[in-house]
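Let's take a walk through this protein together, starting from a single pair of residues and working outward. Have the viewer ready and follow along.

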Amino acid sequence: LLPIALGEATKTVSYAMDGRKVYRFTACWGEERTTDDLEGLVSATSDKRPSREEIEPMLPRFTGEIMQAPPAFSAIKVDGERAYDLARAGEAVELAERPILIEALKLVDIPDRDHAIFEVTCGKGTYIRSLARDMGRALGTAAHVTSLRRVAVGPFTEDHMISLESLTELGHKAPGGDAKTGALLPIETVLDGIPALAIDEEQARRLKLGQ
């Protein structure tokens, strides 16, 4: 799920991206990787495969405000350089832990002994790859992310989603009309979750002037 803002709506992007996000992800047990996902090299292994009875009591440890170290392969800057550029160049990158907020974390399914599917509701700055890595360590094994899907950003949910194919099709149609019905949402959609204040016409005029 990737909200795309057009025209005046670009001014509201920060409101959307600062809101809560919901991810569904699959953790693979038994291997840590340098990138904490499938793209990296194996950096640690374990024969342990946690059971549901081990996983569920562990989840509260990763709920609420917790400290998290971002992955070495991330866009965070270190002395003016992106961490992933340094990591790709072979440099050892150690990023300091920082506070993040995880509102909810639940085990969705265990399709086989090597994998578990989770859903997490979290705030800005949370790295799901780091979450999977740390959960693996807490369970006495190793882990990395094999699939990751964002299913909600602020007020936008799966109900608002359209496929890339549908977007391409819309791009070939004439502007306006019924072609974009349901695809373009009013700017107010992003602002649904913020406090509202009723103002009169004169106050509105002054606000528009930046007063």
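**From one residue pair to the whole chain**

Alanine 27 has its bridge partner in strand S8, and that partner is alanine 116. Keep in mind as you look that this is a predicted model.

Now widen the view to the strands around this pair. Strand S1 covers residues 21–29 and strand S8 covers residues 115–122; the two run antiparallel and are joined by eight bridges. What holds such neighbours together? Strands of a sheet pair through backbone hydrogen bonds, and the pairing can be parallel or antiparallel.

S8 has another partner as well. Strand S7, residues 98–112, pairs with S8 over seven bridges, again in the antiparallel sense. To find a place where they meet, look for aspartate 109, whose bridge partner in S8 is isoleucine 117. How many residues lie between S7 and S8 in their hairpin? There are two residues between these strands. While you are at S8, check how well it is covered: of its eight residues, six are buried, with under 20% relative accessible area.

Step back once more and the full sheet comes into view. It is an open sheet of six strands, in the order S4-S7-S8-S1-S9-S10, with antiparallel pairing. At its edges stand strand S4 (64–68) and strand S10 (156–157); each has a single partner strand, so one side of each has no neighbour in the sheet.

That brings us to the chain as a whole. The protein chain contains six helices and ten strands. Is it compact or spread out? The radius of gyration is 21 Å, whereas the globule rule gives 17 Å for 211 residues, so the chain is more spread out than a compact globule. Along the principal axes, its C-alpha trace spans about 65 × 40 × 35 Å.

Contacts along the chain add to the picture: among those with a separation of 6 or more, 70% are between residues 24 or more positions apart. As for cover, 35% of the 211 residues count as buried.

Finally, turn to the surface and the charges. The accessible surface of the protein chain is about 13,100 Å², and carbon and sulfur atoms account for 52% of it. The chain carries 26 positive and 34 negative side chains, and the centres of these two sets are 2 Å apart.

Note on methods
Residues numbered from 1 in each chain as written. Predicted model: local features only at pLDDT ≥ 70, side-chain atom pairs only at ≥ 80, totals over all residues. Heavy atoms only, no water. Helix = DSSP H or I, 4+ residues; strand = E, 2+ residues; numbered from the N terminus. Rg over C-alpha atoms; globule rule 2.2 N^0.38 Å. Buried < 20%, exposed > 50% of the residue type's maximum accessible area, 1.4 Å probe, protein only. Contact = heavy atoms within 4.5 Å. Areas by Shrake-Rupley, 256 points an atom, 1.4 Å probe, with all protein chains shown as cover. Lys, Arg positive; Asp, Glu negative; His and termini not counted. Charge placed at Lys NZ, Arg CZ, Asp CG, Glu CD. Pairing = 2+ DSSP bridges.
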